[in-house]
Amino acid sequence: MNKIELIEHVAKQADISKAAAGRALEAVVGGIRASLKKGNSVTLVGFGTFSIGKRAARAGRNPRTGAAIKIKAAKVPKFRPGKALKDAVN
């Protein structure tokens with residue numbers, strides 16, 4: 001399912017227009033993004049938890065030349081599914 005299909009599904013299930021469903025989806029994603037940017041986690045009970053992890057700096061290799069390169073430390077988004085989501089999938 002892609003974003004357009006998700007918007008159509010939300011519009012049908014909530015009996016709202018596709019435009020309203022699109023705005024709602026953007027608001028949810030924007031809220032999650034803003035919270036993660038501040039370093040906070042977002043927990044949706046029954047669905048899962050979005051959080052920020054830290055990836056340490058490390059050495060790597062350029063696959064084309066084989067030269068050693070330094071890869072900077074980075075913050076990466078993580079998702080841990082909740083029990084209800086795991087149970088629904090299995």
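Q: Is Ala59 buried or exposed?
A: Ala59 counts as exposed, because its relative accessibility is 70% and the cut-off for exposed is over 50%. Keep in mind that this is a predicted model.

Q: Okay, and where does Ala59 lie?
A: Ala59 lies in strand E3, which covers residues 58-61.

Q: What's the C-alpha distance between Ala59 and Ile69?
A: That distance is 5.9 Å, with the two residues ten apart along the chain.

Q: Let's zoom out. How many helices and strands does the chain have?
A: The count is three helices and five strands. Going from the N terminus, the order is α-α-β-β-β-β-β-α.

Q: Is the chain a compact globule or more spread out than one?
A: It's more spread out, because the radius of gyration is 18 Å, well over the 12 Å that the globule rule gives for 90 residues. Along the principal axes, the C-alpha trace spans about 55 × 30 × 30 Å.

Q: What share of the residues is buried?
A: Buried residues make up 19% of the 90 in the chain.

Q: And what about the surface, how much area does the chain expose?
A: About 7400 Å², and 58% of that is supplied by carbon and sulfur atoms.

Q: How many positive and negative charges are there?
A: The chain has 19 positive and 5 negative charges, and the mean positions of the two sets are 21 Å apart.

Q: What share of the contacts is between residues 24 or more positions apart?
A: Those pairs account for 29%, counting the contacts with a separation of 6 or more.

Q: Switching to helix H2. What span should its 20 residues have?
A: H2 runs over residues 18-37, and at 1.5 Å a residue it should span 28 Å. The end C-alpha atoms of H2 are 28 Å apart, so the model agrees with that.

Q: Which residues of H2 are buried?
A: They are Ala21, Gly22, Leu25, Ile32, Ser35 and Leu36.

Q: What covers them?
A: The cover includes helix H1 (3-14) and three strands: E1 (42-44), E2 (48-55) and E5 (74-81).

Q: Take Ser35 from that list. Why does it count as buried?
A: Ser35 has a relative accessible area of 16%, and buried means under 20%, so it makes the cut.

Q: What does Ser35 touch, apart from its neighbours within four places in sequence?
A: Ser35 is in contact with Asn40, Ser41 and Val42.

Q: Now Arg33. Where is its place, and is it buried or exposed?
A: Arg33 is in helix H2 too, but it counts as exposed, with 54% relative accessibility.

Q: How far apart are Arg33 and Lys72 in space?
A: From C-alpha to C-alpha they are 22 Å apart, and in sequence they are 39 residues apart.

Q: What follows H2?
A: Gly39 follows H2, and its phi is positive, near 95°.

Q: Which loop does Lys38 lie in?
A: Lys38 is in the loop between H2 and E1. This lysine counts as exposed, at 68% relative accessibility.

Q: What's the distance in space between Lys38 and Ile52?
A: Their C-alpha atoms are 9.6 Å apart, with their positions 14 residues apart in sequence.

Q: Back up to the other side of H2. Where is Asp15 found?
A: Asp15 sits in the loop between H1 and H2. Its relative accessible area is 71%, so Asp15 is exposed.

Q: What is the phi of Asp15 near?
A: Phi of Asp15 is near 55°, which is a positive value in a residue other than glycine.

Q: One more loop. Where is the place of Gly46?
A: Gly46 is in the loop between E1 and E2. With a relative accessible area of 37%, Gly46 is partly exposed.

Q: Which residues is Gly46 in contact with, leaving aside neighbours within four places in sequence?
A: Gly46 is in contact with Ala84 and Leu85. As for Pro81, its C-alpha atom is separated from that of Gly46 by 8.2 Å, and the two are 35 residues apart along the chain.

Technical notes:
Residues numbered from 1 in each chain as written. Predicted model: local features only at pLDDT ≥ 70, side-chain atom pairs only at ≥ 80, totals over all residues. Heavy atoms only, no water. Helix = DSSP H or I, 4+ residues; strand = E, 2+ residues; numbered from the N terminus. Rg over C-alpha atoms; globule rule 2.2 N^0.38 Å. Buried < 20%, exposed > 50% of the residue type's maximum accessible area, 1.4 Å probe, protein only. Contact = heavy atoms within 4.5 Å. Areas by Shrake-Rupley, 256 points an atom, 1.4 Å probe, with all protein chains shown as cover. Lys, Arg positive; Asp, Glu negative; His and termini not counted. Charge placed at Lys NZ, Arg CZ, Asp CG, Glu CD. Expected span 1.5 Å × (residues − 1).
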